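Colleague: I would like a close look at the aromatic side chains and their surroundings. Please set out first what counts as a helix, then take me through it in one go.

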Amino acid sequence: MSTRTGSVGISYVDYAVGKNFYNIVKGWFESLEHEPPNKFVRSAQRYSDHVPRLLATLSTVVFLYFTWSFAAPALSSRPDSGDVINAAFFALAGLVTVWSLSFEFGRLIERNIDRLVPISCLCLNKGDERLLKRQRKHNQSSAWRVGGSILGIVGTNCLANLVLRVIGLT
């Protein structure tokens, strides 16, 4: 299972016979079953190393927005300093938690995007067919993990805001 590359070298005395062998090998190689490359996956793999920091930052901004939008009315009614310190402590704890979990989910997304590989293979026996089936299943499970990690990030953010709301800080 690899990307579509190949190399052939022919050392033969007669040019016409060597060229004929080359054309046979080239025709065979081009006739192999392969999946066309997915441009979206290739682009995602090119930029996947930025995913953890980007998602952690985006989640943090969303968390801060919702925390501030819920906390601003409560702060305008002149709460005592103890309530402000408690609110700030829990908001900071929520912020660190959201950033850390989102960063970890981002690393899972990055890892699974990088595991998606194009498939091309020559199935000569049952073992090759099992290998092809296993690789396709691996690609599919990696795609599902990416989706699950994105849902995990959204869930983490929602849960953190819900916890702050339940404990009465926002």
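Modeller: A helix here is a DSSP run of H or I with at least four residues, and helices are numbered from the N terminus. Keep in mind that this is a predicted model.

Start with the frame. The chain has 5 helices and 0 strands. Read from the N terminus, the order of elements is α-α-α-α-α. The chain has 170 residues, and 24% of them count as buried.

Now the aromatic residues, beginning with helix H1. This helix spans residues 15-30, and Phe 21 lies in it. The relative accessibility of Phe 21 is 42%, so this residue counts as partly exposed: the band for that label runs between 20% and 50%. Phe 21 also belongs to a nonpolar surface patch, together with Ile 10, Tyr 22 and Ile 24. The four residues share about 350 Å² of accessible area. Entry to such a patch takes over 30% relative accessible area. Phe 21, at 42%, meets that cut-off because its value is over 30%.

Next come the ring pairs. How many aromatic pairs does the structure hold? There are 2. One joins Tyr 65 and Phe 66. Their ring centres are 5.2 Å apart, and their planes stand at 75 degrees. The cut-off for edge-to-face is over 60 degrees, so this pair qualifies. Tyr 65 has a relative accessible area of 55%, which makes Tyr 65 exposed, since the limit is over 50%. Phe 66 has 34% and is partly exposed.

Trp 99 and Phe 103 make a stacked pair. Their centres lie 5.1 Å apart, with 10 degrees between the planes. That angle fits because stacked means under 30 degrees. Both residues sit in helix H4, residues 81-114. They are 4 residues apart, about one turn of the helix. Trp 99 is partly exposed, at 37% relative accessibility.

Stay on helix H4 for a moment. It also carries a charged pair, Glu 104 and Arg 107. These two are 3 residues apart, again about one turn of the helix. Side chains of opposite charge can pair when their charged atoms come close. Glu 104 and Arg 107 form a salt bridge, with 3.2 Å between the closest N and O atoms. How many salt bridges does a search of the whole structure find? It finds 1. Both partners are partly exposed: Glu 104 has a relative accessible area of 40%, and Arg 107 has 34%.

Back to Phe 66, this time for its contacts along the fold. Phe 66 is in helix H3, residues 51-75. Its C-alpha is 9.6 Å from that of Cys 158, although 92 residues separate the two in sequence. Val 62 is in helix H3 too. At 32% relative accessibility, Val 62 is partly exposed. Val 62 and Asn 157 are 95 residues apart in sequence, with 7.7 Å between their C-alpha atoms.

Phe 63 has a distant sequence partner as well. Its C-alpha is 7.8 Å from that of Ala 160, and the two are 97 residues apart in sequence. Ala 160 lies in helix H5, residues 126-166. Is Ala 160 buried or exposed? It is buried, because its relative accessibility is 13% and the limit is under 20%.

Phe 105 brings in another residue of helix H5, Gly 152. The C-alpha atoms of Gly 152 and Phe 105 are separated by 7.0 Å, with their positions 47 residues apart along the chain. Gly 152 is buried, with a relative accessible area of 15%.

One last place, away from the rings. The second largest pocket has a volume of about 220 Å³. It is lined by 11 residues, and those closest to its centre are Pro 37, Asn 38, Val 41, Val 117 and Pro 118. Which helix gives the most to this lining? Helix H2, residues 39-47, does, with 3 residues.

How values were computed
Residues numbered from 1 in each chain as written. Predicted model: local features only at pLDDT ≥ 70, side-chain atom pairs only at ≥ 80, totals over all residues. Heavy atoms only, no water. Patch = residues over 30% accessible without salt bridge, like charges linked within 9 Å, V, L, I, M, F, W, Y side chains within 5 Å. Areas by Shrake-Rupley, 256 points an atom, 1.4 Å probe, with all protein chains shown as cover. Salt bridge = Lys/Arg side-chain N within 4 Å of Asp/Glu carboxyl O. Buried < 20%, exposed > 50% of the residue type's maximum accessible area, 1.4 Å probe, protein only. Phe/Tyr/Trp six-rings, centres within 6.5 Å; stacked < 30°, edge-to-face > 60°. 1 Å grid on protein atoms, 1.4 Å probe; cavity = no way out; pocket = protein on both sides within 12 Å on 5 of 7 lines; lining within 4 Å. Points joined across faces, edges and corners; volume = space filled by probe spheres on them.
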